[in-house]
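Here is my note on the model you sent, set out as numbered points. Please read it with the structure open beside you.

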Amino acid sequence: MKTIQTTLLLATMLVFGVPNASAVNDLLEWRHDYVSGLTPNSKGVDVSINEEGEMVTVAYTTTGNDEKWMITRHDAITGTVVWQKTVAVAGYDCRPVAVEIDYYGYCYVTGYVGGPNGEDIRTIGFNADGIQIWTHTFGEMNGGHDRPVDLRLDVDGEVIVTGSAAGSAGDLVTYRLNRNNGTEVWKKLYSTSFTDSPTALASSPYDNFVCVSGKTRVGSTVSSLVIRYDLATGAPTINLLDVPAKDDEATSVATDGLTIYVAGKVRNSASSYTARVMRVDAGGLAWERTYDAPGGNTDVNPRLSLVPRSMSFADVVLCCEASIDAQRKGFHLGRWKSDGTLVWEKDSVTASSPAGTYEHLRAYGIMEDRSPLVLTSNEATGGTSSEIQVLRYSPLDARLESRVKITGTYLPSVVVPASLQTNRLGQIAIVGTTSRTALGIEDFLVARLSRLFMARGERVSGPGLSPNAVIFGIKSPTVGHWERTFARTIIKDGSRLVMGLHGYGSLLLVQGQSFADIPGARFASLGDPVTSGMGSLAFMARLSGVPAAESLVICNYLYDKPVLMLQSGKAVPGAGGARLGSVVSYAHGGYGIVALVRLAGPGVTSANSLALIGVANKDTGHVVVRAGESLTIDGSTSKVKGIHVMAPGSKSPGHGRSFSHIQSRVVAAVTLVDGRRVLLHYDFDTGVRTLQLATGGIANAVNGQAKWHGFGQPCIGAWGDTQGVIATLKPGLGGVTQSNDTAIVAPNTAGGAGAWTLVARESSQVPGIAGAVYKSFYPPLTDTSYIAYIAKIKGNGINSANNTTLWYGSKTSPQLVTRTDMFATDGTGANTLNKISAIKSFAIPTYRLIYLANLKGKGVKASNNVALYGVDSKGLKRELLRKGQSFGSSKLLSFSLFKTVPFSAGGTRSFNDSATIAIQVTLNDGRSGVLLRRVP
């Protein structure tokens with residue numbers, strides 16, 4: 001039986017050839033080899049990776065004269081095989097061509113299957129468990145060879161397939177299939193009296209069209225063809241990009257959602273080509289650029305990708321094989337702005353390269369941080385052996401930043417890459433084939449790399465910086481929507497150190513840079529950034545060039561520039577003319593700011609200076625609550641004395657959210673002059689302020705006789721619909737004693753205003769642990785309809801080694817996740833021999849739980865005793881990262897997350913609402929940076 005073998009990579013992976021070793025930031029996570037024995041042979045074809053990190057590969061096996069598909073699904077964390085399927089028609093060749101995996105883990109594969117009348121295009125949909133849910137077959141009635149070229153998922157997640165139909169002379173067929181049942185939404189043929197065929201397919205994640213590149217005939221020569229299809233109807237818009245009197249062909253296509261970019265080739269002679277890169281707008285060809293290799297030969301398959309900057313425009317990167325002479329063959333990279341302006345060009349091989357340098361381009365891609373990726377086969381002289389090379393270049397100037405080499409398990413061997421794909425986590429999925437030269441046997445291999453973002457030694461470009469400026473240190477990384485990762489960095493530029501604000505692969509702001517919103521002002525110092533669920537960024541800074549009393553600002557980073565939100569010494573929006581004196585703490589949600597501030601100015605005294613405010617922009621704001629104002633609750637009126645909000649919870653520093661960053665709602669604990677403590681809720685969208693609970697009021701979550709005695713710091717979920725708080729009850733009423741007077745409570749929306757649910761209570765029975773009762777609680781966290789908390793327990797058999805528990809689930813029935821002295825799990829969710837010795841901290845991304853734990857047991861020592869866990873979509877506890885974990889020949893020395901940011905306690909996040917986590921890591925080889933992980 002065929003198996004997938006995991007191979008240790010100490011001998012099979014090398015990182016080399018990089019001028020600054022600290023800038024080699026691609027980490028090998030795992031590699032698997034498909035070992036088939038002596039027969040059948042297998043070849044890798046295509047790979048796809050989704051935002052969860054889940055991968056699917058397609059390959060084909062050959063036994064005698066028969067070929068069959070092989071579809072393999074790999075786990076998001078470990079890379080182990082989740083399931084494997086085959087497709088075959090006895091007696092006929094069947095070969096897969098392309099595969100895609102969507103956000104939900106559903107896989108869609110297209111290829112051809114043989115039969116008595118030729119080949120047909122077959123497309124199959126599988127659910128996340130590998131169950132085939134539909135099959136679609138396209139075949140011309142008159143037989144012939146109908147074969148697909150590519151498959152993509154469109155903006156709606158539907159399946160687009162393009163291929164060659166037999167027809168009378170050969171047609172180009174493109175169709176859209178319903179992802180749920182495989183039925184045709186539309187099907188379009190492009191047919192002339194000549195052979196018409198596609199070469200590539202592209203879809204935009206933002207817009208309602210797909211596009212196909214290919215070739216047709218104009219007059220007596222082959223011509224480049226680009227067709228844009230409307231998603232709803234399939235209506236085509238046809239562009240012929242013909243070079244008169246020469247054969248030319250569009251070989252690759254990409255789109256940023258508004259514009260189509262095309263790569264192609266023009267034949268000059270039997271062995272010489274010119275590469276083309278073109279922009280096609282609604283009116284046709286906007287511009288064209290060409291490239292000819294120094295040696296006169298540009299290979300036949302130029303490839304094209306986009307460097308994403310925003311939803312509306314992109315830079316273009318062309319990659320094509322280019323030879324210097326018969327002894328030097330490599331590839332060419334070129335980057336152009338969207339207006340056609342050349343940014344840089346790069347040749348991998350030059351006339352000074354050693355003879356026998358052969359780098360064969362196999363696949364090409366773009367990282368989300370805009371770094372070009374090239375997947376090549378580097379051939380040794382004579383062609384008896386080769387290896388895969390994953391090359392990453394700087395988006396600034398095409399300097400080589402990383403080279404990862406993967407050789408065959410059995411040497412000598414020829415290792416050939418087939419396909420590459422990346423995701424927003426910075427993961428690189430690779431599939432290829434390794435040939436055991438001595439035996440003539442071929443096996444396919446799969447590998448995955450991860451990227452260190454904002455790594456120490458990475459070069460940066462910004463105002464006033466030299467070309468050799470690099471990142472020297474990182475502070476408190478945070479991750480927002482669409483995995484946009486931000487951090488404050490220390491930049492080393494020669495002998496000086498300056499601060500920078502980094503995000504999404506580039507330097508956003510540098511210390512000393514001018515601030516356009518305030519004439520004459522410059523950024524003297526930068527605070528750590530915070531992100532919102534909408535993906536925007538906020539930060540605090542000090543300015544120079546302004547009076548000292550006006551030097552403190554809070555800014556959003558919008559539309560590629562810092563935008564002023566609040567400034568000390570200036571009027572606070574909505575505060576009746578009062579000025580900003582100082583900031584106690586702030587948080588960022590949506591595109592706005594919530595801040596606890598001290599006001600200044602006429603009429604402001606120590607009794608009324610404290611205020612909780614919300615600011616949509618520098619001119620629009622609300623005062624949620626202010627010291628000195630009167631509040632009436634339970635029929636009694638008193639003035640506000642203190643406001644407590646955005647404070648970090650114990651065991652969840654930096655994540656005790658008081659602000660729902662998506663629905664823009666805030667909860668706060670307010671103390672009154674008469675000694676009562678009140679929970680307050682404010683909805684910025686409606687302007688409604690609700691006083692929810694007050695000490696002295698009836699504790700209906702317990703019984704009709706109990707009363708509230710005190711409240712801790714409340715928290716609120718990202719969507720604002722679940723809250724939680726530790727509450728104490730007044731002893732002597734409703735059966736309350738000092739041994740049972742503490743509880744965790746949450747609002748009961750079904751019960752109407754003022755109704756709360758009892759989640760857990762001191763001295764009550766612990767579910768599922770016989771004889772155990774709750775002893776004490778740490779502050780809870782909530783999100784959507786879920787709640788999580790750490791509790792101490794006591795009872796028979798309970799001691800200091802096993803008395804800490806972590807709970808997560810609905811507020812009416814949370815479930816035990818883990819407990820000290822409980823067995824820890826591995827990346828697959830299986831129990832290990834190690835045990836949890838301490839639960840250090842936890843947080844709740846939407847619909848997920850993540851927690852940090854110390855470990856104990858056999859083999860555990862100081863170098864591997866900390867691990868990060870997540871509860872996945874199936875409820876399994878998965879080890880996401882562990883101290884001492886191997887990445888190729890390197891080991892994880894340390895990592896940190898859940899950091900409290902100064903002035904933004906409880907308001908900054910190491911995770912986003914897709915359960916992506918930004919982790920600051922250091923390896924034992926000196927490399928350090930930000931690693932992204934996602935709970936699948």
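1. I begin with a single residue, Gly505, which counts as partly exposed because its relative accessibility is 29%, a value that falls between the 20% under which a residue is called buried and the 50% over which a residue is called exposed. Please bear in mind, here and in every point below, that this is a predicted model.

2. Where does Gly505 lie? You will find Gly505 in the loop that runs between strand 39 (496-503) and strand 40 (506-510). If you look from there to Thr434, which is 71 residues away along the chain, the C-alpha atoms of Gly505 and Thr434 are separated by 33 Å.

3. Turning to the chain as a whole, the count of secondary structure gives 74 strands and zero helices. The chain is as compact as a globular protein of its length, because its radius of gyration is 30 Å and the globule rule for 936 residues gives a value close to this, also 30 Å. Along the principal axes, the C-alpha trace spans about 95 × 65 × 55 Å.

4. How much of the chain is buried? Of the 936 residues, 59% are buried, while the chain exposes an area of about 33,800 Å², of which carbon and sulfur atoms supply 51%. Among the contacts with a separation of 6 or more, 50% are made by residues that are 24 or more positions apart.

5. As for charge, the chain carries 88 positive and 74 negative charges, and the mean positions of these two groups are 11 Å apart.

6. The structure holds 20 aromatic pairs. One of them joins Tyr774 and Phe777, and this pair is tilted, with 5.3 Å from centre to centre and 45 degrees between the planes. Tyr774 counts as buried because its relative accessibility is 3%, and Phe777 is likewise buried, since its relative accessible area is 11%, where the cut-off for a buried residue is under 20%.

7. Tyr774 also pairs with Trp807, and here the arrangement is edge-to-face, with the centres 5.9 Å apart and an angle of 65 degrees between the planes. This pair links distant parts of the chain, as Tyr774 belongs to strand 61 (residues 772-777) and Trp807 to strand 64 (residues 804-810), with their positions 33 residues apart. Both Tyr774 and Trp807 are buried.

8. Which residues make up the aromatic cluster around these pairs? Tyr774, Phe777, Tyr789 and Trp807 together form one aromatic cluster.

Notes:
Residues are numbered from 1 along each chain as its sequence is written. This is a predicted model: local features need pLDDT of at least 70, side-chain atom pairs count only at pLDDT 80 or more; totals for chains, interfaces and linings use all residues. Side-chain values use heavy atoms; hydrogens and water are left out. Helices (H or I, at least four residues) and strands (E, at least two) are DSSP runs, numbered from the N terminus. The radius of gyration is taken over C-alpha atoms; the globule rule is 2.2 Å times the number of residues to the power 0.38. Buried means under 20% relative accessible area, exposed over 50%, partly exposed in between (1.4 Å probe, protein chains only). Contact means heavy atoms within 4.5 Å. Accessible areas come from the Shrake-Rupley method with a 1.4 Å probe; for residues, only the protein chains shown count as cover. Lys and Arg count as positive and Asp and Glu as negative; His and the chain ends are not counted. The place of a charge is taken as NZ of Lys, CZ of Arg, CG of Asp or CD of Glu. Rings of Phe, Tyr and Trp (its six-membered ring) pair if their centres lie within 6.5 Å; planes under 30 degrees apart count as stacked, over 60 as edge-to-face and the rest as tilted.
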